[in-house]
Amino acid sequence: MHVQEWLDTVPAVAVYAVVALIIGLESLGIPLPGEIVLVSAALLSSQHSGIDPVILGTCATLGAVVGDSIGYAIGRKGGRPLLAWLGKKFPKHFGEGHIATAERSFEKWGMWAVFFGRFVALLRIFAGPLAGVLHMPYWKFLIANVLGGICWAGGTTAVIYYVGVVAEDWLKRFSWLGLVAAVLIGLTSMLVLKRKAKKAQESKAEAEPVPVGE
């Protein structure tokens, strides 16, 4: 079966629901590949006439905002014992070093950490719960949460969708090979950029003086 014919069999509602759910759970504080799911769905929408990129972006935004808000409420109620528990359950994502880096970002940038954290995998998982633990005023959190969700989810959907439309002819010629190659190139580029951003963040954190007693 041709790729285009197979894509047309995927129910649009299922795609919207999966994207909103995965991004919502990731924003809540569960380490899931929300960005990869969003990129894949946006690419799918460019090849699937039944998947509306506007609705897709809206669902992704709602998932991000609602998930972050629930994470904020959980963090505010659970406090630091919650972070300690998460560190034991998910040491690769909620280890002491990760928490310390995220906390320094919050203390230095405040609500901007919530906004820009949407674009960084580590902070995207921490943003809601950590903002609640640190008792950031909810109105500040909500503003940064909504704006960050719109820019990240809407922007990512738009960019990947239009890239997919431009590459549609090429993808059709090479069928599965072209689709797989396009996804791999996109994911590789994203991972390289993330790695560079992470190294830059770690270098910056190491360069910051640590107060006596910490």
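In the predicted model, R118 is buried, with a relative accessible area of 3%. Its partner in a salt bridge is D68, and the closest N and O atoms of the two residues are 2.8 Å apart. D68 belongs to helix α4, whereas R118 is placed in the loop between α7 and α8 (121-133), so the pair ties together parts that are 50 residues apart in sequence. D68 is likewise buried, at a relative accessible area of 2%. The count for the structure comes to 1 salt bridge. Side chains of opposite charge can pair when their charged atoms come close.

Aromatic pairs were examined next. The count comes to 8 aromatic pairs. In one of them, the ring centres of Y72 and Y138 are 5.2 Å apart and the ring planes meet at 55°; the pair is therefore tilted, since edge-to-face requires an angle over 60 degrees and stacked an angle under 30 degrees. Y72 is part of helix α4 (residues 53-89) and Y138 is part of helix α9 (residues 138-166), so this pair ties together parts that are 66 residues apart in sequence. The two tyrosines can also be described by their accessibility. Y72 has a relative accessibility of 5% and counts as buried, while Y138, at 37%, counts as partly exposed.

Another aromatic pair is formed by F115 and F116. The centres of these rings are 4.9 Å apart and the planes stand at 90°, so the pair is edge-to-face. F115 is buried, at a relative accessible area of 15%, because the limit for a buried residue is under 20%. F116 has a relative accessibility of 48% and counts as partly exposed, because only values over 50% qualify as exposed. F116 is located in helix α7 (residues 111-117). Together with W112 and F119, the residues F115 and F116 form one aromatic cluster. A nonpolar surface patch of about 480 Å² is made by W109, W112, F116 and F119. F116 therefore has a place both in the aromatic cluster and in the nonpolar patch, in keeping with its partly exposed state.

Helix α3 (residues 34-47) was then considered. At 1.5 Å a residue, its 14 residues should span 20 Å, and the end C-alpha atoms are 20 Å apart, which agrees. Of the 14 residues of α3, 11 are buried, so the helix is largely enclosed by the rest of the structure. The buried residues of α3 include G34, E35, L38, V39 and A42. Q47 is also situated in helix α3 and is buried, with a relative accessible area of 5%. Q47 and Y161 are 114 residues apart in sequence, yet their C-alpha atoms are 8.8 Å apart in space.

A further set of contacts concerns T157, which is placed in helix α9. T157 is buried, and its relative accessible area is 2%. Leaving aside residues up to four places away in sequence, T157 touches L38, A42, P53, L56 and G57. Among these contacts, L38 and A42 are buried residues of α3.

Note on methods. Residues are numbered from 1 along each chain as its sequence is written. This is a predicted model: local features need pLDDT of at least 70, side-chain atom pairs count only at pLDDT 80 or more; totals for chains, interfaces and linings use all residues. Side-chain values use heavy atoms; hydrogens and water are left out. Rings of Phe, Tyr and Trp (its six-membered ring) pair if their centres lie within 6.5 Å; planes under 30 degrees apart count as stacked, over 60 as edge-to-face and the rest as tilted. Helices (H or I, at least four residues) and strands (E, at least two) are DSSP runs, numbered from the N terminus. Buried means under 20% relative accessible area, exposed over 50%, partly exposed in between (1.4 Å probe, protein chains only). Contact means heavy atoms within 4.5 Å. Patches are made of residues with over 30% relative accessible area and no salt bridge: like charges are joined within 9 Å, nonpolar side chains (Val, Leu, Ile, Met, Phe, Trp, Tyr) within 5 Å. Accessible areas come from the Shrake-Rupley method with a 1.4 Å probe; for residues, only the protein chains shown count as cover. A salt bridge is a side-chain nitrogen of Lys or Arg within 4 Å of a carboxyl oxygen of Asp or Glu. The expected span of a helix is 1.5 Å times one less than its number of residues.
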